[in-house]
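This report is meant for a reader meeting the structure for the first time. Please look over the sequence and the model before reading on.

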There are 2 protein chains.
Amino acid sequence: MEKIRRNERMSAMMKILSGAPNRIFTLSNFCEMFGTAKSTMSEDIDILREVVSQFGLGELETVTGSAGGVRYRAKVKRPDARKFVGDLCQMLAGSERVLPGGFLYYSDILATPSITNRMGEIMATEYYSQAPDFVLTMETKGIPVAFATASALGVPLVIARRSSKVYEGSAVNINYVSGSGNIETMSLSRRSVKEGQRCLIVDDFLKGGGTAKGMVDLMHEFGVTVVGMTFVMSTAKPLKKRITGEKSLMVLEMDAENETAHVKPAFWLNGDA
Amino acid sequence: MEKIRRNERMSAMMKILSGAPNRIFTLSNFCEMFGTAKSTMSEDIDILREVVSQFGLGELETVTGSAGGVRYRAKVKRPDARKFVGDLCQMLAGSERVLPGGFLYYSDILATPSITNRMGEIMATEYYSQAPDFVLTMETKGIPVAFATASALGVPLVIARRSSKVYEGSAVNINYVSGSGNIETMSLSRRSVKEGQRCLIVDDFLKGGGTAKGMVDLMHEFGVTVVGMTFVMSTAKPLKKRITGEKSLMVLEMDAENETAHVKPAFWLNGDA
């Protein structure tokens, strides 16, 4: 094999690392792949770390210890996150997207990869330190953003259903009170999670928090710890939700009289990372 | 600003290009970002194209014309796709995953990013040339893989629902005959697609083809052309489906008597790309 140059090695490594966020690659992995010495590889990684940081492309971290190596995390800097969410809010403003009944149409941004994947990275940034084992969402609209968050965290997505399905095997069902005050059912396959795991809840919309509370209760049934909750949008009212400690990207205020939606970036996005 | 070296530029470009598959970046984009001349940039891209090809990381293409530039496509070579799907089949084999009623449990692989995103790239590889404007799926299990395919194609995902929702606005509903012979409803928001667009259908499972046929009929209602259909798994029986021309990754044969599942890579994966 022809000798591989530094620029070629580094480009390939960047693709491999950023294509598998949060996964630890040993130096030996790359030494074998490119036929280089460990010292050379260390230099490559030092430069790569600088590049990633300089151009705001995430974070490259060296992990020490026996399971050590290098890993890429799709971290978004707070000002960049604030700017991105601010632009989204602009896109959602006005009256065109207000539907009869005072609902806001935003399904499109929930499944447009360039937007959805970025939201997932912003959400993941807040919870890398909590080391969740999986992401949980309740079908349907939040699935793409929950999957994008799971991708950035490098963990599986688990989907709770409205009823149990034959092709999911035996399931745990719980009842919960939805936003509209109805008693609803939430179902999760027994095979999908294990006792003692850590879970991040991701969903598209938070109003009263009934569904979110249902997911928390469901996790308790499985002996799973909920390490965080994050939503694309939450409503300004009611101020008091049935859950606490969640992070939403945007806050929605509906002006029913004028049929206008006001969407603002959530307050925490203004703070330091 | 300090002068940026070739290895730094190339690494950053690799991340930016592969992070936005199928999007065309003009050379000027990158010249501005890095403060380099067009000739230097062209050289960078020539080297990058080689790297991507040599390490099987996809494809970098130069697009000529007034809207020209460079774009990354997450193309998977046929032998690599065949190997990946073969490994998946191994993972799904045996009796552990067979559920009462002769169903196969594989929800986990449908929402594990390292697997799901790769399936999405394999599916996208087959349809880049058809230039779909969006990906369509029917809720729920196929959403992550459909989103992964949409990500690789750089187009939005559109999700058909079992019933119309107030927060989706006015919708078109159609009835279709499901695999079990029941009449079911499929609903799609009017806002989500436009007449004259091109659609790729992606779903997790194909048995008789009733749901798939429903999606095709739904697209006709919208004046949309279906350019392809692709599924994670299709059943060996019935051999004759209600649709034709689809590509599935795996073929499932259930041995009901012995409660064992046989899963094989689809035949087309053996062919040339």
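The sections below go from one whole chain to the contact between chains, and then to two local features.

## Chain A as a whole

The model is predicted. In chain A the secondary structure consists of seven helices and 12 strands. The C-alpha trace of this chain spans about 65 × 45 × 30 Å along its principal axes. Chain A has 273 residues, and 55% of them count as buried.

Contacts in chain A between residues at least 6 apart in sequence can be divided by separation: 61% of them join residues at least 24 apart.

## Surface and charge of chain A

Chain A has an accessible surface of about 12100 Å², and carbon and sulfur atoms account for 49% of that surface. Its charged side chains number 33 positive and 30 negative. The centres of these two sets lie 3 Å apart.

## The contact between chains A and B

How many residues does each chain bring to the contact? Chain A gives 54 residues and chain B gives 54 residues. Together the two chains bury about 4500 Å², with 68% of this area on carbon and sulfur atoms. On the side of chain A, K15(A), F147(A) and R191(A) supply 15% of the area buried against chain B, more than any other three residues.

Salt bridges are absent from this contact: the count between chain A and chain B is zero.

## A loop residue in chain B

T36(B) sits in the loop that runs between helix 2 (27-34) and helix 3 (38-54) of chain B. Is T36(B) buried or exposed? Its relative accessibility is 13%, and because buried means under 20%, T36(B) counts as buried.

Leaving aside neighbours within four places in sequence, the residues in contact with T36(B) are R9(B), F30(B), C31(B) and M41(B).

## Helix 6 of chain B

Helix 6 of chain B covers residues 143-153, and 11 of its 11 residues are buried, so this helix is largely enclosed by the rest of the structure. Among the buried residues are I143(B) and P144(B), along with F147(B), T149(B), S151(B) and L153(B). The alanines A146(B), A148(B), A150(B) and A152(B) are buried too, as is V145(B).

A general point about helices helps in reading such a list: an α-helix has 3.6 residues a turn, so residues three or four places apart point the same way.

After helix 6 of chain B comes G154(B), which has a positive phi, near 70°.

Terms used: Residues are numbered from 1 along each chain as its sequence is written. Chains are lettered from A and ligands numbered from 1 in the order in which they are written. This is a predicted model: local features need pLDDT of at least 70, side-chain atom pairs count only at pLDDT 80 or more; totals for chains, interfaces and linings use all residues. Side-chain values use heavy atoms; hydrogens and water are left out. Helices (H or I, at least four residues) and strands (E, at least two) are DSSP runs, numbered from the N terminus. Buried means under 20% relative accessible area, exposed over 50%, partly exposed in between (1.4 Å probe, protein chains only). Contact means heavy atoms within 4.5 Å. Accessible areas come from the Shrake-Rupley method with a 1.4 Å probe; for residues, only the protein chains shown count as cover. Lys and Arg count as positive and Asp and Glu as negative; His and the chain ends are not counted. The place of a charge is taken as NZ of Lys, CZ of Arg, CG of Asp or CD of Glu. Buried area is the accessible area (1.4 Å probe) that two parts lose on being put together, summed over both. A salt bridge is a side-chain nitrogen of Lys or Arg within 4 Å of a carboxyl oxygen of Asp or Glu.
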